[in-house]
Every structure is written in C-alpha cells, then in structure tokens.
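Reader: I've got a structure open and I'd like to talk through its side-chain contacts. Can we take them one at a time?

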Amino acid sequence: MARNLRKVIVKIPVEDRELDGVFNFPCEASWNGCAVILTHGAGGDMNYLHLEKLATHLASTGILCLRFTCRTRNFKYRIQCFTAVVEFLRNFEEFPINMCIIAGRSMGARVAAEVASNSSLTTNFVFGVACLSYPLHPPRKTSEIRVSSLLHLGLPALFISGRKDPYCRPDLMDTALNRMANDWKMHWVEGADHELKLRGRVNHELISDMCEWFVQWCQSVFMAER
C-alpha cells in the first residue's frame, strides 16, 4: 500500500459484528509508527466535520488516523468497541503502529477517557487521550459530574471546549482539571457552544485552529516518548 495521503475504508470486528472505519494514511514518513484514533458523539458518526478535518490534518503532517463509527448510547458497549478498535490498530500489520493517542468528541470523549484510564488496555501502546467538547455534566444538571475517568488518567490529556458549552460549565471543568494528577492541557474557545460553533454557525477559522492545537499536542506527546 502506497504511503500517501489517501483514505481507505475498513471493517473493524467486534465480537459478532463489524464497525465502519476509515484510515487516513499519512503523506510522509516523519511520524512513522504514530497514530490517532478518533470517534464521534452520541448522535453522530465518523464523518462529523471536525473529525474529518482532524483526520486530514493529522495525515498531512505524517500521522496516521483511524476514525470509526459506533452508533449506540450504551456507554459500556462503546467502551468495548473502542477497546476492540485499539486492538485492531495495534495488530494492523500493513502499517505497523507502536504509539497511539485515542480521542473523541462529546460522548466519544468520555469513552476515550474511560479506555485511557484502564492501564491494562493502554500499556506500551496508548500514550495520550484527547477530548473535544468533553460532556462534564448533562445540560442544567451540574450536580451530575462525570469526572471519575478523568481523575484516574495516568496519561497526558488534551481538552478543547467552548465556554458556552451547556455540557461543560467552565468553573466546574477547571475544578476537575485541578484535581487531576496527570499532565493536561486545556483550550477554552471563547463564545463557542458544544458543537464548537460561534453564534450557532460553523467557523472554519476556529476549526483550523482546533486542528493546529490538536496536532501540535499529539506531536509533543509522541516526541516525549521517542
């Protein structure tokens, strides 16, 4: 398989079913052996705009990206599926990977954090977790804080959220971050909502900035492990 910038659709086995996935292969060899896994929120799929842009940007800088779709709101089952995708990538012989970052947006971010908090799944393969629009609590239910996965992370973590996200009140998120013992980086986007939109509209400059933040952070994690 030629290692240039292109997409390849794959089927990822999970027990008695298969998940739809797509590889964005890198166009250069500067980050050989490094990859990112991306997944979506509760109501989307792997073709969500932000994930497509991230995958393309990662591949353009030399980092392989694997996106996948898992259409269920069953949190435990999504953990099982994400774990299967990690193992699929770990055993992908055609493009050997030895360092991986797992990432997701919204519910997918919670799932990624939960997978990353389980050291038996991540030892010597997963080296970081990135969370887009982490849903710290349901809208208007700030007493239901979803923080257990974050507090048990032993890996570097990246967070990108809008300050007007009804799922992530900034002061509560700041409190959660300050309780974490691992290395983390937080990007607050002024005026952005849960979809990282500004005033209800997609902002392409913001998406470009998000891709830059994301890729630079991934590179820093991979560089530290080389």
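Reader: Which side chain meets Lys11 in a salt bridge?

Author: Bear in mind that this is a predicted model. Lys11 is partly exposed, at 46% relative accessible area, and its partner is partly exposed too, at 31%. The N to O distance in this salt bridge is 2.4 Å, and the partner is Asp20.

Reader: And how many residues apart in sequence are Asp45 and Arg71?

Author: Their side chains form a salt bridge at 3.1 Å, N to O. Asp45 lies in the loop between β3 (34-39) and α1 (49-60), while Arg71 lies in the loop between β4 (64-68) and α2, so the pair ties together parts of the chain whose separation is 26 residues.

Author: As for accessibility, Arg71 has a value of 59%, and the cut-off for exposed is over 50%. That is why Arg71 counts as exposed.

Reader: Where does Glu195 lie, given that it is in a salt bridge with Arg105?

Author: The two side chains meet at 4.0 Å, N to O. Arg105 sits in strand β5, with the two positions 90 residues apart in sequence, and Glu195 is in the loop between β8 and α7 (204-225).

Reader: Is Arg105 buried or exposed?

Author: Its salt-bridge partner Glu195 is partly exposed, with a relative accessible area of 29%. For Arg105 the relative accessible area is 6%, and buried means under 20%, so Arg105 is buried.

Reader: Which ring does the charged end of Arg105 sit over?

Author: Besides meeting Glu195 in a salt bridge, Arg105 has its charged end 4.5 Å from a ring centre. That ring belongs to Tyr48.

Reader: What about Arg110: which ring is under its charged end?

Author: Here the charged end is 4.2 Å from the centre of the ring. The residue that carries the ring is Phe75.

Reader: On to ring pairs. Is the pair of Phe23 and Phe92 stacked or edge-to-face?

Author: The centres are 4.6 Å apart and the planes make an angle of 25 degrees. Planes under 30 degrees apart count as stacked, so this pair is stacked.

Reader: How many residues apart are Phe23 and Phe92?

Author: Phe23 is in strand β2 (residues 17-25) and Phe92 in the loop between α2 (75-90) and β5 (99-105). Phe23 is buried at 0% relative accessible area, and Phe92 also counts as buried, at 14%. The pair links distant parts of the chain, and the separation is 69 residues.

Reader: Which residues do ring pairs link into a cluster with Phe23 and Phe92?

Author: The model has 8 aromatic pairs. Ring pairs join Phe23 and Phe92 in a cluster with Phe25, Phe88 and Phe95.

Reader: What angle do the planes of Tyr134 and Phe159 make?

Author: Both residues are buried. Tyr134 lies in the loop between β6 (126-132) and α5 (148-151), and Phe159 in strand β7 (residues 157-162), so the pair ties together parts 25 residues apart in sequence. The pair is edge-to-face, with 6.2 Å between centres and a plane angle of 85 degrees.

Reader: Last one: which residues are exposed on the other side of α6 from its buried ones?

Author: In helix α6 (residues 170-179), the buried residues are Pro170, Met173, Ala176 and Leu177. They cover an arc of only 120 degrees around the axis, so they lie on the same side of α6. Their cover includes α5, β7 and β8 (184-189). Exposed on the other side of α6 are Asn178 and Arg179.

How values were computed: Residues numbered from 1 in each chain as written. Predicted model: local features only at pLDDT ≥ 70, side-chain atom pairs only at ≥ 80, totals over all residues. Heavy atoms only, no water. Phe/Tyr/Trp six-rings, centres within 6.5 Å; stacked < 30°, edge-to-face > 60°. Helix = DSSP H or I, 4+ residues; strand = E, 2+ residues; numbered from the N terminus. Buried < 20%, exposed > 50% of the residue type's maximum accessible area, 1.4 Å probe, protein only. Lys NZ or Arg CZ within 6 Å of the ring centre and 35° of its normal. Arc of directions from axis to C-beta. Contact = heavy atoms within 4.5 Å.
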